[in-house]
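Let's talk through some charged side chains and the labels they carry. Have a look at the model first, and then we can go through the reasoning together.

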Amino acid sequence: MNRTPAATPPSRRAFSREPWGLRFAARANRPAIRLVWFYHAGGTASSLFKTISFLPLDWEIWVPEYPRRAVAGVRGRSAHFLELTERIAREAYPFHDDVPVVLFGHSMGGLVAYEYLRSLPANCHERTIALIVSCTRSP
């Protein structure tokens, strides 16, 4: 039997803990894309380490942490997702420069990503090049 070896993920990227979650650095002076990843209801930002290692190295990835999850410093009670998106919009603002932004949400995170985009000022919509949702009905 001829087996092809499994792909080896790229080396782990540097990350920082922010008041709002985790920021995974791009290995470029200017990221090609800033991906803001909203995970499913039972997940945590740190559960995405392995998946993120397969994404292009010139992407910067932001993973906002939901209240009462793994990142120390993200406090608060469990919130309705509209309250959650308002908090994330106040604390995690990926539009501070001209890097194109992609919002990705999985399951409940798809609804959070949609409401997050709706809560932002109109000038942010111009720099959002995609809203991608998976495992949820389109809003």
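Q: Why is arginine 118 called exposed?
A: Exposed means over 50% relative accessible area, buried under 20%, and partly exposed in between (1.4 Å probe, protein chains only). Arginine 118 has a relative accessible area of 54%, so exposed is the right word. Keep in mind that this is a predicted model, where local features need pLDDT of at least 70, side-chain atom pairs count only at pLDDT 80 or more, and totals for chains, interfaces and linings use all residues. Residues are numbered from 1 along each chain as its sequence is written, and side-chain values use heavy atoms, leaving out hydrogens and water.

Q: What makes arginine 118 and glutamate 115 a salt bridge?
A: The term asks for a side-chain nitrogen of Lys or Arg within 4 Å of a carboxyl oxygen of Asp or Glu. Here the N to O distance is 3.5 Å, and the pair meets in a salt bridge.

Q: Which label fits glutamate 115, buried or exposed?
A: Glutamate 115 has a relative accessible area of 16%, so this residue counts as buried.

Q: How do you know that arginine 34 is buried?
A: Its relative accessibility is 2%, so arginine 34 belongs with the buried residues.

Q: Why is aspartate 97 called partly exposed?
A: Aspartate 97 has a relative accessible area of 25%, which means that partly exposed applies.

Q: What makes arginine 34 and aspartate 97 a salt bridge?
A: Their side chains meet at 2.9 Å, N to O.

Q: How many salt bridges does the structure hold?
A: Five salt bridges are found in the structure.
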